[in-house]
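Open the model in your viewer and set it to a cartoon view. This tour says what to select at each stop and what is there.

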Amino acid sequence: MRRPIRVLHVLDSMGVGGAQELVLAWARRLDPARVRTSICALHGPLDRWGPLPQGVEGISLGRSRWDARMVGRLARLLASGAHDVIQTHLFASCAAVGLMARLGAGRTKRILTVHCLRHQVPPWDFPVYRMLARRFDAV
């Protein structure tokens, strides 16, 4: 039997929002024998939606968005090679993982997921998203 695919979902935070709800819905429905799911919040607690689904690893990298230790913790997490797929959700996580794209290089696939409509994103974000998208394997 093959080992499960190890997927790391990186979000800005686990605050109330559609991306967070979607990631938790995926985590509840994926077969843990086939997919091992980890959810990483760049800052803040992981339990705003209640406890994480059984078998899902939760990682919080900082107490607030201004916690400077978050950068080093994320760099170590990406460089560990512990995940086969890293999927980012929302702008800050996309930027952080995109700028550290060479860490965890090799077999790890990086997926950028944009959860907003064009009219909801400030126009200055689009060139940044385009630049960062080149550092991912799929958008």
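Which residues lie on the two faces of strand 4, and are they buried or exposed? Select strand 4 (residues 85-89). On one side are Val 85, Gln 87 and His 89, on the other Ile 86 and Thr 88, and all are buried. Buried means under 20% relative accessible area, exposed means over 50%, and partly exposed lies in between, computed with a 1.4 Å probe and protein chains only. Counted along the strand, 5 of the 5 residues of strand 4 are buried.

**Before going on**

This is a predicted model, in which local features need pLDDT of at least 70 and side-chain atom pairs count only at pLDDT 80 or more, while totals for chains, interfaces and linings use all residues. Residues are numbered from 1 along each chain as its sequence is written, and side-chain values use heavy atoms, with hydrogens and water left out.

Colour the model by pLDDT, the predictor's confidence in each residue, from 0 to 100. The mean for the protein is 85, and 90% of its residues reach 70 or more. Find strand 2 (residues 35-41), where confidence is highest at a mean of 96, and then helix 4 (residues 125-133), where confidence is lowest at 76.

**The whole chain**

Now colour by secondary structure. There are 4 helices and 5 strands. Both are DSSP runs numbered from the N terminus: helices are H or I with at least four residues, and strands are E with at least two. From start to end, the order is β-α-β-β-α-β-α-β-α. The protein has 139 residues, and 44% of them are buried.

**Strand 1 and its neighbours**

Select strand 1 (residues 5-11). Of its 7 residues, 6 are buried, so strand 1 is largely enclosed by the rest of the structure.

Add strand 2 to the selection. Strands 1 and 2 run parallel and are joined by 7 bridges; two strands pair if DSSP finds at least two bridges between them. To see one position, select His 9, which stands opposite Ile 39 in strand 2. Next, follow the chain from strand 1 through helix 1 to strand 2: this β-α-β crossover is right-handed. The term means that, with the strands pointing away from the viewer, the path from the first strand over the helix to the second runs clockwise.

Return to strand 4. Strand 1 also runs parallel to strand 4, with 5 bridges between the two. Leu 8 has Ile 86 as its bridge partner in strand 4, and Val 10 has Thr 88.

Then select strand 5 (residues 109-113), which pairs with strand 4 in the parallel sense over 5 bridges. Here Gln 87 stands opposite Ile 111.

**Salt bridges**

How many salt bridges does a search of the whole structure find? The search finds 4. A salt bridge here is a side-chain nitrogen of Lys or Arg within 4 Å of a carboxyl oxygen of Asp or Glu.

Show the side chains of Arg 3 and Asp 84, which meet in a salt bridge at 2.8 Å, N to O. The two residues are 81 apart in the chain: Arg 3 is in the segment before strand 1, and Asp 84 is in the loop between helix 2 (69-79) and strand 4. Arg 3 is partly exposed because its relative accessible area is 46%, whereas Asp 84 is buried because its value is 13%.

Add Arg 6. The side chain of Arg 6 also meets Asp 84 in a salt bridge, at 2.8 Å, N to O. Arg 6 is in strand 1, 78 residues from Asp 84, and both residues are buried. Together, Arg 3, Arg 6 and Asp 84 are linked in a network of salt bridges.

Move to Arg 73 and Asp 67. They form a salt bridge whose closest N and O atoms are 4.0 Å apart. Arg 73 counts as partly exposed because its relative accessibility is 28%, and Asp 67 is buried because its relative accessible area is 10%.

**Last stop: a patch on the surface**

Switch on the surface and select Leu 22, Trp 26 and Leu 30, which make a nonpolar patch of about 230 Å². Patches are made of residues with over 30% relative accessible area and no salt bridge, like charges being joined within 9 Å and nonpolar side chains (Val, Leu, Ile, Met, Phe, Trp, Tyr) within 5 Å. Accessible areas come from the Shrake-Rupley method with a 1.4 Å probe, and for residues only the protein chains shown count as cover. Trp 26 is in helix 1 (residues 18-29). Trp 26 counts as partly exposed because its relative accessibility is 32%.
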